[in-house]
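Visitor: I'd like a close look at how the strands are put together here. Take me through it slowly, and then on to whatever sits around them.

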Amino acid sequence: PKTDEIPVEPKAPLSEEIPSEPQKPEKLIGEAFSTYIIVQRGGDELVFIDKHAAHERMLYEKLKANGGQAVRQILLEPVTVTLEKNEYAAILESLALCADAGFEIEDFGSGTVLVRSAPMILGGEDVASAVMEIAGYLQTAKNDITTEKLDWLYHNVACRAAVKAGSESSPQELIALVQRMENEDIRYCPHGRPAYIIMKKKDLERQFGRIQ
């Protein structure tokens, strides 16, 4: 089917990335605080992965590589969004930019816009608040160049669609995320925060007084 004929489905940020027969990382220890994946790599280090930061970067890179229009879906029911006067004007001036990020928006009159399609990774459940935030940004970022604005939109969509810290994930989902992170060499989230940190075995042993 054509991209714009795909109906809205509930978003599943991680499950869609699971290979049919996932290869386990060297050793998946588990997950702490429903946020940090813990992996033993080799015999001398632990890797702590921020699952939201890692997944956000993956989605951001996917949006940049494919463009928003390539990953958008038509909404089963268009979403109406009422905006403040300045925000309304700002978004009407940037309809082409919004389309480049995957949002097909039309003027509905009287300070209201109609959203007919949105990035598929949003799952259709966060569209109104996303458009309101986009409108607010566009109203305050009039001096930003087009590439800066588009990059901000990609950041915003990726952050909203990425698996959230504190949410439950299955071991298979964690394994899939770790594998994809390693394959794509993910090191930082789009905002520059580290996606993982490493603790050496010797540092842990030093904390317990096993070595000096």
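Guide: Let's start with the open sheet of three strands, which has the order E4-E6-E5 and antiparallel pairing. Keep in mind that this is a predicted model. At the edges sit E4 (72–82) and E5 (104–109), each pairing on one side only. Ignoring direction, neighbouring strands of this sheet are turned by 20 degrees against each other on average. If you zoom in on E5, you'll find five bridges joining it to E6 (residues 112–119), with the two strands running antiparallel. Gly109 is a handy place to park the view, as it stands opposite Thr112 in E6.

Now for another set of strands. E2 and E3 pair in the antiparallel sense over six bridges, and Ile38 stands opposite Phe48 in E3. The two strands form a hairpin with three residues between them. Check the backbone in that turn: Gly42 has a positive phi of about 70 degrees. E3 also has E7 (residues 196–200) as a partner, antiparallel again and joined by five bridges. There, Glu45 has Lys200 in E7 as its bridge partner.

E2 and E3 turn up again at the second largest pocket, which has a volume of about 160 Å³. The elements giving two or more residues to its lining are E2 (36–41), E3 (45–50) and helix H6 (171–184). H6 gives the most, with three residues. Lining residues include Val39, Arg41, Val47 and Ile49, along with Val178, Met181 and Glu182. Also on the list are Asp185, Ile186, Arg187 and Tyr196. If you're thinking about chemistry, the lining splits into seven nonpolar residues and four charged ones, with no polar residues.

One more stop, away from the strands: the aromatic rings. Searching the whole structure turns up one aromatic pair. Its rings belong to Tyr137 and Trp152, with centres 4.0 Å apart and planes at 5 degrees, so the pair counts as stacked. This pair links distant parts of the chain, with Tyr137 in helix H4 (residues 127–140) and Trp152 in helix H5 (residues 146–161), 15 residues apart. Burial is worth a look too. Tyr137 has a relative accessible area of 12%, so it is buried, whereas Trp152, at 23%, counts as partly exposed. The cut-off for buried is under 20%.

Key. Residues numbered from 1 in each chain as written. Predicted model: local features only at pLDDT ≥ 70, side-chain atom pairs only at ≥ 80, totals over all residues. Heavy atoms only, no water. 1 Å grid on protein atoms, 1.4 Å probe; cavity = no way out; pocket = protein on both sides within 12 Å on 5 of 7 lines; lining within 4 Å. Points joined across faces, edges and corners; volume = space filled by probe spheres on them. Helix = DSSP H or I, 4+ residues; strand = E, 2+ residues; numbered from the N terminus. Nonpolar A, V, L, I, M, F, W, Y, C, P; charged D, E, K, R; others polar. Phe/Tyr/Trp six-rings, centres within 6.5 Å; stacked < 30°, edge-to-face > 60°. Buried < 20%, exposed > 50% of the residue type's maximum accessible area, 1.4 Å probe, protein only. Pairing = 2+ DSSP bridges. Axes fitted to C-alpha atoms, helices over the stretch in contact; angles between N-to-C directions.
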